[in-house]
Amino acid sequence: MMVMEERISKAHRITGIYLFIYMIVHVLSKGPVCFFADWMAVFAFAFHAFNGMRLIILELGFLVGKPAFIEYPYSPVSIKYSRILFYIFMALAALFLAVVIIGKGMTS
């Protein structure tokens, strides 16, 4: 059974690979790119960018907690704050997507 952090990590890698492939296809294509692929790229970008900001904060050592002796039941501080940051940054990604979708609706 995968824990939430494993799923987030895999989704981050999948969206990164998708964005890489999309950029190559987009640059090499001479005609209009599929409407669905464009919107998938926007969603992949939102997830990948905001999750990347969360990872940068964690990798810089913020909100990781201090090392301590393990006492059972064990509840690591780093996972607690990682999940809170995940929800915060996914809310920001949803806000970003809402602004993009509303902005696109106003221009078309």
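In helix α1 of this predicted model, the buried residues are Ile8, His12, Thr15, Leu19 and Tyr22. The helix covers residues 4–28, and its 25 residues reach 36 Å from the first C-alpha to the last, close to the 36 Å expected at 1.5 Å a residue. An α-helix has 3.6 residues a turn, so residues three or four places apart point the same way.

His12 is one of the polar members of that buried set. His12 counts as buried because its relative accessible area is 15%, under the 20% limit. Not counting residues up to four places away in sequence, His12 touches Phe47, His48, Asn51, Gly52 and Leu55. Gly16 is also located in α1, but is partly exposed, with a relative accessible area of 24%. The C-alpha atom of Gly16 is separated by 7.6 Å from that of Ala44, although the two residues are 28 apart along the chain.

**Helix α2 and the loop after it**

The end C-alpha atoms of α2 are 36 Å apart, which agrees with the 36 Å that its 25 residues should span at 1.5 Å a residue. Its buried residues are Ala37, Trp39, Ala41, Ala44, Ala46, Phe47, Phe50, Asn51, Gly52, Arg54 and Leu58. Just after α2, Gly61 adopts a positive phi of about 95°. Phe62 is situated in the loop between α2 and α3. Its relative accessible area is 51%, so Phe62 is exposed, the limit being over 50%.

**Nonpolar cores**

Which residues make up the largest nonpolar core? Eleven residues do: Ile8, Ala46, Phe47, Phe50, Leu58, Leu85, Phe86, Phe89, Met90, Ala93 and Leu97. Two or more of these residues come from each of α2 (35–59) and α3 (77–107). Helix α3 gives the largest share, six residues. A second, separate core has five residues, among them Leu19, Tyr22, Ala37 and Ala44. In soluble globular proteins, nonpolar side chains tend to be buried together.

Two members of the largest core show how its parts meet. Phe86 touches Met4, Ile8, Phe47, Asn51 and Arg54, leaving out residues up to four places away in sequence. Met90, found in helix α3, is buried because its relative accessible area is 19%, under the 20% limit. With its neighbours within four places in sequence left aside, Met90 is in contact with Phe47, Phe50 and Asn51. The C-alpha atoms of Met90 and Phe47 are separated by 7.1 Å, and the two residues are 43 apart along the chain. Phe47 and Asn51 thus appear among the contacts of His12, of Phe86 and of Met90.

The table gives pairs of residues with their separation along the chain and in space.

| Pair | Separation in sequence | C-alpha to C-alpha distance |
|---|---|---|
| Gly16 and Ala44 | 28 residues | 7.6 Å |
| Tyr81 and Leu58 | 23 residues | 9.0 Å |
| Met90 and Phe47 | 43 residues | 7.1 Å |

**Surface patch**

A nonpolar patch on the surface is formed by Ile56, Leu60, Phe62, Leu63, Val77, Tyr81, Ile84, Ile88, Leu92, Leu95 and Val99. Together these residues have about 1000 Å² of accessible area. As with the largest core, the largest share of the patch comes from α3, here seven residues. Tyr81, a patch member, lies in helix α3. At 30% relative accessibility, Tyr81 counts as partly exposed. Tyr81 is 9.0 Å from Leu58, C-alpha to C-alpha, with their positions 23 residues apart in sequence. Leu58 itself belongs to the largest core, whereas Phe62, the loop residue, belongs to the patch.

**Salt bridge**

How many salt bridges does a search of the whole structure find? The search finds one. Glu5 is paired with Arg83, and their closest N and O atoms are 3.0 Å apart. The pair links distant parts of the chain, as Glu5 is in helix α1 and Arg83 in helix α3, 78 residues apart. Glu5 counts as partly exposed because its relative accessibility is 22%. Arg83 has 31% relative accessibility, so this residue too counts as partly exposed.

How values were computed
Residues are numbered from 1 along each chain as its sequence is written. This is a predicted model: local features need pLDDT of at least 70, side-chain atom pairs count only at pLDDT 80 or more; totals for chains, interfaces and linings use all residues. Side-chain values use heavy atoms; hydrogens and water are left out. A nonpolar core is a set of buried Ala, Val, Leu, Ile, Met, Phe, Trp, Tyr and Cys residues joined through side-chain atoms within 4.5 Å. Buried means under 20% relative accessible area, exposed over 50%, partly exposed in between (1.4 Å probe, protein chains only). Helices (H or I, at least four residues) and strands (E, at least two) are DSSP runs, numbered from the N terminus. Contact means heavy atoms within 4.5 Å. Patches are made of residues with over 30% relative accessible area and no salt bridge: like charges are joined within 9 Å, nonpolar side chains (Val, Leu, Ile, Met, Phe, Trp, Tyr) within 5 Å. Accessible areas come from the Shrake-Rupley method with a 1.4 Å probe; for residues, only the protein chains shown count as cover. A salt bridge is a side-chain nitrogen of Lys or Arg within 4 Å of a carboxyl oxygen of Asp or Glu. The expected span of a helix is 1.5 Å times one less than its number of residues.
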